[in-house]
Amino acid sequence: MDRDTALLIIVTGRDRPGVTSRLSTVLAEHGARIADMEQVVLRGRLVLGIVVHVTGDTGGLQDAVFAVTGRAGMQCEIDVVEAKRMDRRDPVDRHHVTMLGMPLRPSAIASVTSAIADLGGNIDRIERLSRYPILSFELLVSGVTDGASLKAAVGRAAAEEQVDVAVQRAGLHRRAKRLIVFDVDSTLVDGEVIELLAVHAGCADKVAEITARAMAGELDFEQSLRQRVALLEGIDESALAHVREHLRLMPGARTVLRTLSRLGYVTAMVSGGFTQVTDDLAVELGVDHSHANTLEVVDGKLTGRLVGPIVDRAAKAEHLQRIAVDAGIPLSQTVAVGDGANDLDMLGVAGLGIAFNAKPVVREQAEVALNVPFLDAVLFLLGITREEVERADADDPDVDLPSPPPVPLTP
């Protein structure tokens, strides 16, 4: 009885309509059975790989494949490979390694991929996620069972090259994220609201100093918050409206929230800031849930005190958990994004914790760290490409988008 022969067919050349169709027709005519197939088009150049199983002599099939690809002006290679059962696949540990940079130099890619190879890992696939505002690629890596070792190795390489890298285990859970929770100050918005208010009180330097120590984990958050709020005593309530009007969103904030809302995500803001600012911001951005502290106002003046329970480090995590429970979403399907020490508990309980332009203590403890100044880079960590975002925006006539500035890919 004839045994099956497995052939790997690699076709390359200038892309044109009908190549895959004509090649598949030839395979069908010779009784070949397709076991695997992948195709990519890069700048108009096609790379098509097909693994087929053939019973008996393969000479006629190979001649026919060479003939059809030759007429199409394509190059073709055919190799005999190990035949594997087509009814099952051996389980393989795989990880997504996402690289992001502005620019992303060849030396950085070389360093990260060398770190993968040194651990015995193999890069099965590379996909470009974005060209701007940063360049990013996702590598599908197999052969490394210890994700912690992989993360440490590529992390060291990325730090030396000053690029960002994230390691996530591949699987259904990565595509099943359904809740995302953002810190506000220095995450969704550029800057700290309390420091903007302090300008009106003439104590900006003092408040900024306390804020920096609190975000670095040097001070208890609640104690530091009450100290800073006390310095705001006597400010006219109109200062809150002035800060709201002049608040600058982090670049990419609207894009990330708009895109994830389209995908059905539950969105939330959990802030150590103030409801007098965050409530309006949540409405503006279409955020589903918003939790923050409330400044006490009496006779149109800030009293220097807070009203109600404090949203601190522990409370942020509790709000995330409560929102997830109410929405029926497992914690494994949640994402948290923040920059300060008071975000650490929230980042820790989420299925994916992302430190965004964070303080050193946060970068060291978070699962993933982003150091680029664009919040929509979060989308790339979720496997969403820039092209998918742009297509969704183009299909929505109600979205008025500014043209993005060109960003060079090389220095």
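**Group meeting: a seven-stranded sheet and its helices**

Okay, let's start with the sheet. It's an open one with seven strands, and reading across you get β12-β11-β10-β9-β13-β14-β15, with mixed pairing. At the edges sit β12, residues 301-307, and β15, residues 368-370, and each of those pairs on one side only. Going from one strand to the next, the twist averages 25°. Just so you know, this is a predicted model.

A quick reminder if sheets are new to you: strands pair through backbone hydrogen bonds, and they can run parallel or antiparallel.

So which sense do β10 and β11 use? Those two, residues 266-274 and 289-298, pair in the parallel sense, over four bridges. If you want a spot to click on, find F274, which stands opposite N293 in β11.

Now the helices. Helix α7, residues 221-230, packs on the sheet and touches β10, β11 and β12. The direction of α7 makes about 165° with that of β12. Then there's helix α10, residues 275-285, which also packs on the sheet, touching β10 and β11. For α10, the angle with the direction of β11 is about 140°.

Okay, zooming out to the whole chain. How many helices and strands does the protein chain have? There are 15 helices and 15 strands. The C-alpha atoms fill a box of roughly 90 × 45 × 45 Å along the principal axes. Of the 411 residues, 45% are buried. And take the contacts between residues at least 6 apart in sequence: 66% of them join residues at least 24 apart.

Last bit, charges: the chain has 42 positive and 59 negative side chains, and the centres of the two sets lie 5 Å apart.

Conventions:
Residues are numbered from 1 along each chain as its sequence is written. This is a predicted model: local features need pLDDT of at least 70, side-chain atom pairs count only at pLDDT 80 or more; totals for chains, interfaces and linings use all residues. Side-chain values use heavy atoms; hydrogens and water are left out. Two strands pair if DSSP finds at least two bridges between them. Axes are lines fitted to C-alpha atoms, for helices over the stretch in contact, and angles run from 0 to 180 degrees between N-to-C directions. Contact means heavy atoms within 4.5 Å. Buried means under 20% relative accessible area, exposed over 50%, partly exposed in between (1.4 Å probe, protein chains only). Lys and Arg count as positive and Asp and Glu as negative; His and the chain ends are not counted. The place of a charge is taken as NZ of Lys, CZ of Arg, CG of Asp or CD of Glu.
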